[in-house]
Amino acid sequence: MLNRLCPVLIAAFAFLASACTSTESDTHYIRLSDSSLSFNGAGNAPRTITIASNPSAWQAESSASWIKITGTEANTLTITVDDNDVATERKGIVHVDAGKAQVEIVVSQLPEDSEFARYRAMFKYENGIVMSPSGKYAGGFYATLADDGSLLYHADIVEVETDRVTELGPYPMSLMAFGSPSAITDQGQFFLKLEAGSTYMFDLDGTYSEIATPAGMNSDPDVSCVSADGSKWVGYSMKNMGDGHGSLYWPLIWENGTARELEMPKSYRGEEYTSAQKLNGVMARGISANGEIVYGTTWDNFDFGLVYWDKAGKVHYVGEDVREVKPVKMLDGNGGEYDFNLVDGIIGYASSSYVSPNGKWIAGTYRKEELAADRMGIDETYRAAFFNTETGKTYILEEYGDSSGLGVTDEGEGFVGVGSSTVMNGFVVDIETGIKLGTTQEWVYETFGIHVPACRLEQCCVGKKVVTGATPVSDAVLGMVDGYFYIAPAAGR
């Protein structure tokens, strides 16, 4: 019986096996390594998709003219896209057919980068960056190691509109060791302070020259800021007072390359500036883009009084309408008394960003001093303040607590830093009304349409097209440090 059934069973098994094989061979399918592709707005490389199909022969067709099929090998499909010439994201389909099987590859493409404002982190540059008055160029430097372990210094000049970088150097530290970036013009001239003290000006073609010590001065000069047309620079050098007591820092302005002294004010606390008083002097820190208003700071212990020179070149303390000198008797710790002047007034630091491009506004910090209860110390409060050079009126932001004025637009939008020392975030106010316009992130989004990390804003360039700022960045050695950035319009705009 068993022998009689075996042929039947064998035949049945053969039929089933044949049916299975036939069914598999008749099933049409397409398997893709990717069923969707995303491309940037411009500058894309070809993308390749691997295809397995039954039947093995397949065809692909694009539904959009901007999607190009550039390669169809036995099991690969290569796709490229044209640069996006519209202001929005676009999508298309690539249809793939194999016998009766059909699948779709979804292709999406972002708008060109030129549709978005740009946040450019400049974290690799040592000691921050400098921005030209109209926001045309940014400059910074960094160091690398040579084969012998010494440092090589590199200077970069970035064309903001295109992101193109002109790299200068490397320069061996034996030739020039960079200390800090000082200023950069709209013409691409980059001023760098060396650790040895001298200041050099670098051009886009790589040539460079040392800034000569001006007549009447006895130290290497510093160039702090420049006007938009490049004809005026401001800074300082040291001047021997000829009284046998040494030198003072003296504010300078260069006009078409020739330096002259700016008028010297009295010290922040009302003393005459002579080195016999053991005061350090005054430094010109910034100039409005139109070249009309110059400002600077005193450097007397921790005074940092903010001064400015008007269109006629006459010197004033910023915020003369709120400035008050208050004579007091302080204790010297040995039972005696001495005369001292407390001052309620506007102070500033080593920044070139305080003045608006049109020279109408100067940002600063209103410091109010009171004699401490023990009469040996001083109690201080700090408030962001903004001064109108045309009306002589000071606006003090009392309601926001400890804060500092960091920069200002031509329209009177004040950049405020939260806190009085280490400032890691801030907000923006309408100066004349005192209305808070939002955090720095909110203002940037409203103005430029992009999101940025927590930060403070500093310089506003001509036309409010470019702003600079800093955000906290973790450093393995130093801890939290300033990471500088700029925000600029869409590329090529």
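Among the contacts in the chain with a separation of 6 or more, 49% are between residues 24 or more positions apart. The model is a predicted one, and its secondary structure comes to 2 helices and 37 strands. The radius of gyration is 33 Å, well over the 23 Å that the globule rule gives for 493 residues, so the chain is more spread out than a compact globule. Along the principal axes, the C-alpha atoms fill a box of roughly 130 × 50 × 45 Å. Of the 493 residues, 46% are buried. The chain exposes about 23,500 Å², and carbon and sulfur atoms supply 50% of this area.

With so many strands to choose from, a few pairings serve here as a guided tour. One open sheet is built from 4 strands in the order E10-E11-E12-E13, with antiparallel pairing. Its edges are taken by strand E10 (130–131) and strand E13 (164–172); each has a single partner strand, so one side of each is left without a neighbour in the sheet. Inside this order, strand E11 (residues 137–145) runs antiparallel to strand E12 (residues 151–159), and 9 bridges join the two. One of the residue pairs here links alanine 138 to valine 158, its bridge partner in E12. In general, strands of a sheet pair through backbone hydrogen bonds, in either a parallel or an antiparallel manner.

Further along the chain, strand E29 (residues 378–388) pairs with strand E30 (residues 393–396) in the antiparallel sense, over 4 bridges. Within this pair, phenylalanine 386 stands opposite tyrosine 395 of E30. The two strands E29 and E30 form a hairpin with 4 residues between them. The turn includes glycine 392, whose phi is positive, at about 75°.

Glutamate 369 deserves a closer look. This residue lies in strand E28, which covers residues 361–371. Is glutamate 369 buried or exposed? Its relative accessibility is 0%, and glutamate 369 therefore counts as buried. A polar atom of the glutamate 369 side chain lies 2.7 Å from the backbone nitrogen of valine 343. Valine 343 also appears in the contact list of glutamate 369, which, leaving aside neighbours within four places in sequence, comprises Arg269, Lys326, Leu342, Val343, Asp344, Ile378, Asp379 and Glu380. Among these contacts, Ile378, Asp379 and Glu380 fall in the residue range of strand E29 (residues 378–388), which brings the description back to the hairpin strand introduced above.

How values were computed
Residues numbered from 1 in each chain as written. Predicted model: local features only at pLDDT ≥ 70, side-chain atom pairs only at ≥ 80, totals over all residues. Heavy atoms only, no water. Buried < 20%, exposed > 50% of the residue type's maximum accessible area, 1.4 Å probe, protein only. Polar contact = N/O pair within 3.5 Å; in protein donor to acceptor, adjacent residues only side chain to side chain. Contact = heavy atoms within 4.5 Å. Pairing = 2+ DSSP bridges. Rg over C-alpha atoms; globule rule 2.2 N^0.38 Å. Areas by Shrake-Rupley, 256 points an atom, 1.4 Å probe, with all protein chains shown as cover.
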